[in-house]
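Trainee: Please take a close look at one part of this model, a single strand and its surroundings. I should like the account to begin with the chain as a whole and to end with the contacts made by individual side chains.

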Amino acid sequence: MLFCCDYNAVRSPMAEGIMKKFYGSRIYVQSAGVKNELDIDGFSVAVCEEIGVPLGRHRTRSFQEMEEWGDRIDAYDLIVALSPAAMRQAQEYTRYHAIDVEYWPTFDPTGLGEDRAAKLAAYRQARDQIEGRIRARFGPPDAEAEEAVG
């Protein structure tokens with residue numbers, strides 16, 4: 001499965017990391033952005049570290065870059081779009097390939113909060129929203145992942 005958002009710097013890396021932590025042995029998962037103009041967001045890294053999901057080594061990538069590097073988008077069974085722009089991009093692939101696409105409108109925490117504590121609270125809100133959607137869609141995490149997060 002492939003998670004996607006605008007820049008692959010905040011929401012989709014969170015979703016990829018959480019999904020890998022919870023179901024990594026059962027589902028192959030990656031993430032991409034419509035564009036790739038940013039590095040991984042430090043606040044995303046920080047709030048995911050709080051739940052044992054390492055994002056510090058994540059390298060942002062766009063759909064186009066994935067394809068240039070040989071990762072075929074049509075090889076994915078499911079694309080989960082977390083932003084309107086990502087949904088439009090994902091739907092383009094369904095014109096030519098049989099790929100299921102789901103749209104999970106997800107809170108964008110970038111630019112919110114006046115200080116570090118407020119920014120972290122906004123990013124936690126996005127992280128928790130993504131985690132809740134993943135649990136609702138895919139069921140309980142693998143036992144080891146649940147113990148590590150729980």
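Mentor: Accessible areas are computed here by the Shrake-Rupley method with a 1.4 Å probe, and for residues only the protein chains shown count as cover. On that basis the chain has an accessible surface of about 7,700 Å², and carbon and sulfur atoms contribute 48% of this surface. The model is a predicted one.

The setting comes before the strand. The chain contains six helices and four strands, and read from the N terminus its elements follow the order β-α-β-α-α-β-α-β-α-α. Its radius of gyration is 15 Å, close to the 15 Å expected from the globule rule for 150 residues, so the chain is as compact as a globular protein of that length. Along the principal axes, the C-alpha atoms occupy a box of roughly 45 × 35 × 25 Å. Of the 150 residues, 45% count as buried. Among contacts with a sequence separation of 6 or more, 70% are between residues 24 or more positions apart.

The part chosen is strand S2, which spans residues 30–33. Its side chains alternate in direction: Gln30 and Ala32 point one way, Ser31 and Gly33 point the other way, and all of them are buried. Strand S2 runs parallel to strand S1 (residues 2–5), and four bridges join the two. Within this pairing, Cys4 stands opposite Ala32. Between the two strands the chain passes through helix H1 (residues 11–23), and the resulting β-α-β crossover is right-handed.

Gln30, in strand S2, deserves separate attention. Its relative accessibility is 14%, and Gln30 therefore counts as buried, the limit for that class being under 20%. Once residues up to four places away in sequence are set aside, Gln30 touches Met1, Leu2 and Phe3, as well as Glu16, Lys20, Arg61, Met66, Asp71 and Tyr76.

Two of these contact residues of Gln30, Glu16 and Arg61, also pair with each other. Side chains of opposite charge can pair when their charged atoms come close. The side chains of Arg61 and Glu16 form a salt bridge with an N to O distance of 3.2 Å. Glu16 belongs to helix H1 and Arg61 to the loop between helix H2 (42–49) and helix H3 (63–68), so this pair ties together parts that are 45 residues apart in sequence. Both Arg61 and Glu16 are buried.

The loop between H2 and H3 takes part in a further link. Arg127 and Glu50 meet through their side chains in a salt bridge of 3.0 Å, N to O. Because Arg127 lies in helix H5 (residues 116–138) and Glu50 in the loop between H2 and H3, the pair joins parts that are 77 residues apart in sequence. The two partners differ in burial class: Arg127 counts as buried at 7% relative accessibility, whereas Glu50, at 42%, counts as partly exposed.

A further pair consists of Asp74 and Arg72, which form a salt bridge with their closest N and O atoms 2.9 Å apart. Asp74 is partly exposed at 28% relative accessibility, while Arg72 is exposed, with a relative accessible area of 52%. Salt bridges with shared partners also join Glu50, Arg124, Arg127 and Asp128 into one network. The structure holds 11 salt bridges.

The path from S1 to S2 can be followed further through two residues. Val10 lies in the loop between S1 and H1 and, at 9% relative accessibility, counts as buried. Apart from its neighbours within four places in sequence, Val10 is in contact with Asp41, Ser44, Pro109, Thr110 and Tyr123. One of these residues, Thr110, is 100 residues from Val10 in sequence, yet their C-alpha atoms are 8.0 Å apart. Lys21, in helix H1, is partly exposed, with a relative accessible area of 26%. Lys21 and Glu37 are 16 residues apart in sequence, and 26 Å separates their C-alpha atoms.

To return to the strand: S2 is buried at each of its four residues, is joined in parallel to S1, and places Gln30 in contact with Glu16 and Arg61, the two partners of a salt bridge.

How values were computed. Residues are numbered from 1 along each chain as its sequence is written. This is a predicted model: local features need pLDDT of at least 70, side-chain atom pairs count only at pLDDT 80 or more; totals for chains, interfaces and linings use all residues. Side-chain values use heavy atoms; hydrogens and water are left out. Buried means under 20% relative accessible area, exposed over 50%, partly exposed in between (1.4 Å probe, protein chains only). Two strands pair if DSSP finds at least two bridges between them. A crossover is right-handed if, with the strands pointing away from the viewer, the path from the first strand over the helix to the second runs clockwise. A salt bridge is a side-chain nitrogen of Lys or Arg within 4 Å of a carboxyl oxygen of Asp or Glu. The radius of gyration is taken over C-alpha atoms; the globule rule is 2.2 Å times the number of residues to the power 0.38. Contact means heavy atoms within 4.5 Å.
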